[in-house]
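User: I am new to this structure and would be grateful for a close look at a single helix. Please also place that helix in its wider setting.

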There are 2 protein chains.
Amino acid sequence: MSEFPKWVTAVPPRPDLNTETRARERQARLTKPAGSLGQLEELAIRLAGLSGSDRPSVAAPHILIFAGDHGITAEGVSAYPSEVTGQMLANFVSGGAAISVLAREQGAALQVIDTGTLLQNPPAGVHSDKIARGTRNFRREDALTAEELFHGLDAGRNAATRAINDGADLLILGEMGIGNTSSATALAAALLDGDVAALTGAGTGLNADGISHKTRMITESLTFHELDRGGASAADVLLKVGGHEISALVGAAITAAHERVPVLVDGFICSAAMLAAVSTNPALRDWLLFSHRSTEHGHAAILTALNAEPLFDLGLRLGEGSGAALALPLLRLACALHNEMATFDSAGVSSIS
Amino acid sequence: MSEFPKWVTAVPPRPDLNTETRARERQARLTKPAGSLGQLEELAIRLAGLSGSDRPSVAAPHILIFAGDHGITAEGVSAYPSEVTGQMLANFVSGGAAISVLAREQGAALQVIDTGTLLQNPPAGVHSDKIARGTRNFRREDALTAEELFHGLDAGRNAATRAINDGADLLILGEMGIGNTSSATALAAALLDGDVAALTGAGTGLNADGISHKTRMITESLTFHELDRGGASAADVLLKVGGHEISALVGAAITAAHERVPVLVDGFICSAAMLAAVSTNPALRDWLLFSHRSTEHGHAAILTALNAEPLFDLGLRLGEGSGAALALPLLRLACALHNEMATFDSAGVSSIS
């Protein structure tokens with residue numbers, strides 16, 4: 001039975017409820033029918049409470065992409081070869097990946113962290129913070145040792161701390177790792193005591209046969225690890241079927257919450273990591289904002305378990321934090337509306353209240 | 001039987017299919033699993049075809065808000081009094097309304113056009129282009145005369161022409177008009193031969209009793225105008241139950257299409273106007289992009305009739321073009337991704353194709 005280090009389970013601060021209340025009152029006075037800005041109103045109110053500011057903003061978003069490789073790819077669960085993980089790291093830092101474009105266009109800082117790819121020498125510009133090259137094949141053995149799990153959590157903490165020291169007021173978490181939808185699916189199935197078939201999707205692009213095979217591999221793995229009966233701890237599950245980058249996502253989110261920095265969560269893999277994190281540290285949930293509903297099959301179930309209502313469903317399934325980065329303008333515009341709109345009184349507009 | 005002037009029914013140009021094909025091919029070469037950027041891929045491809053450019057962009061979006069008042073408010077169909085229409089015009093131009101904030105934050109030009117509010121003297125900064133102050137109460141008579149309908153169409157054409165002469169490469173159409181969900185609902189019900197109750201919503205904030213009353217008023221109006229049996233022309237329907245600002249939306253969209261400028265459509269009222277426009281000029285549909293699904297009850301049916309899949313559903317019901325303006329970042333980011341991402345070849349990333 002593995003356990004998390006204390007900093008992972010330490011309860012983070014609560015949002016500032018007084019500021020949240022003032023923000024809710026202000027929303028009611030803005031020149032619009034009450035509630036007519038829908039989810040953007042709640043978003044502004046939450047960002048006020050999380051930042052403790054009556055004029056919330058997202059001035060310095062930092063995007064952290066954690067990358068790792070997965071031994072489970074030996075079982076033929078992915079449409080792409082593992083080499084792509086490392087190749088994409090170079091693409092991230094040279095500016096050609098989707099997340100690179102989204103970061104640049106929006107003035108967001110981008111940190112790429114190799115937490116466990118197969119690369120011997122990650123490209124210049126990538127932070128290397130790893131203890132191993134890839135995980136073990138979790139169909140046959142534990143994906144991680146306890147030491148590796150702790151190292152991954154620390155890699156996340158280190159990256160989040162760098163970003164926050166650098167002034168980050170929002171963390172966008174993303175990932176890259178061929179094979180990691182298999183790991184995330186196994187993780188979610190173990191934690192949700194769920195039906196593997198209902199949670200397994202196409203990843204980067206499997207066909208129906210590929211998905212069947214992947215489902216079988218994950219089901220067999222859960223049986224092998226005795227994770228098919230519920231009640232396992234998040235630490236145990238991460239160790240048995242997790243990944244280096246998934247551990248890092250957990251560590252980064254927890255660190256952000258402790259530092260009062262909200263986290264904008266991307267798609268399936270990030271949400272699975274947050275499921276593990278929240279299941280071990282429920283107060284983390286307050287600090288998480290959810291960006292989009294991915295087409296990856298199991299995402300909906302994870303979002304439901306986290307009581308999360310993402311902002312949009314654009315049929316995305318890329319990862320890299322790209323869905324979260326696409327939601328960033330909505331956060332910024334929600335804040336601008338909250339801060340800059342006139343009130344009924346100030347504009348001389350008749351209110352019905 | 002009323003008829004549109006020739007410029008309204010003249011067939012606009014088609015999108016550039018060669019550019020669209022090249023854009024589709026480029027999407028397949030970008031460093032991401034095919035299809036993994038979901039609706040953003042199709043958005044970039046469409047914007048390429050509409051702009052005729054291999055590197056589409058939205059550099060100069062112009063927001064046009066058409067405002068008008070509605071005689072049907074005499075029947076108690078709205079939660080707000082008609083004075084609010086004029087009060088909000090002042091708020092639009094002084095920068096305190098939601099759309100003012102959204103325009104400013106995104107560098108979009110904002111044109112506010114009084115096409116028929118009750119105001120005698122619209123505030124400075126508002127274009128006045130009106131032939132009447134408010135429509136007639138369509139429960140008892142035609143909302144518009146033919147001359148008024150034509151004037152409204154022209155007001156839309158004039159505003160679109162000003163924007164396009166000023167360099168607009170995208171028009172965002174919005175509206176303001178207390179009572180105009182009743183007009184739009186009547187319009188949609190007449191054109192879709194639909195169930196009024198299924199199309200009638202809360203507007204700015206009616207309760208259940210208010211919605212029942214509004215449904216009854218609209219149903220009686222359709223019977224009075226013999227619009228309850230299908231087969232009416234869009235021109236007839238606009239004249240009988242339309243509005244000055246709704247005519248202007250039609251005129252502006254048609255003008256944009258003729259000038260090869262795409263239109264980003266806001267919520268319920270704009271979509272109802274586009275339903276009227278497309279039903280009379282089907283080739284217009286190619287030039288329309290749909291932004292969001294409103295909570296206004298009838299929006300879904302109109303979107304279905306237009307075969308439109310909006311980008312998000314954020315529970316919005318404000319109007320003013322605000323939902324469309326909130327979608328603008330997605331258009332711009334879709335273009336940036338299309339233009340700036342590396343290809344598998346250029347980045348040395350393994351492709352599965």
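Analyst:

**Helix 7 of chain A and its setting**

Helix 7 of chain A is followed by A:Asp193, which has a positive phi, near 55°. This is a predicted model in which local features need pLDDT of at least 70 and side-chain atom pairs count only at pLDDT 80 or more, whereas totals for chains, interfaces and linings use all residues. Residues are numbered from 1 along each chain as its sequence is written, chains are lettered from A and ligands numbered from 1 in the order in which they are written, and side-chain values use heavy atoms, with hydrogens and water left out.

Helices are DSSP runs (H or I, at least four residues), numbered from the N terminus. Helix 7 of chain A covers residues 180–192; at 1.5 Å a residue, its 13 residues should span 18 Å, which agrees with the 18 Å between its end C-alpha atoms. The expected span is 1.5 Å times one less than the number of residues.

Of these 13 residues, 11 are buried, so the helix is largely enclosed by the rest of the structure. Buried means under 20% relative accessible area (1.4 Å probe, protein chains only). Among the buried residues are A:Asn180, A:Thr185, A:Leu187 and A:Ala190.

As for the wider setting, chain A can be laid on chain B with an RMSD of 0.0 Å by a turn of 180° and a shift of 0.0 Å along the axis. That is the relation of a two-fold axis. The superposition is by least squares on the C-alpha atoms of residues with pLDDT of at least 70 in both copies. Within chain A, A:Phe312 comes closest to the rotation axis, at 2.6 Å (C-alpha).

Technical notes
Helix = DSSP H or I, 4+ residues; strand = E, 2+ residues; numbered from the N terminus. Buried < 20%, exposed > 50% of the residue type's maximum accessible area, 1.4 Å probe, protein only.
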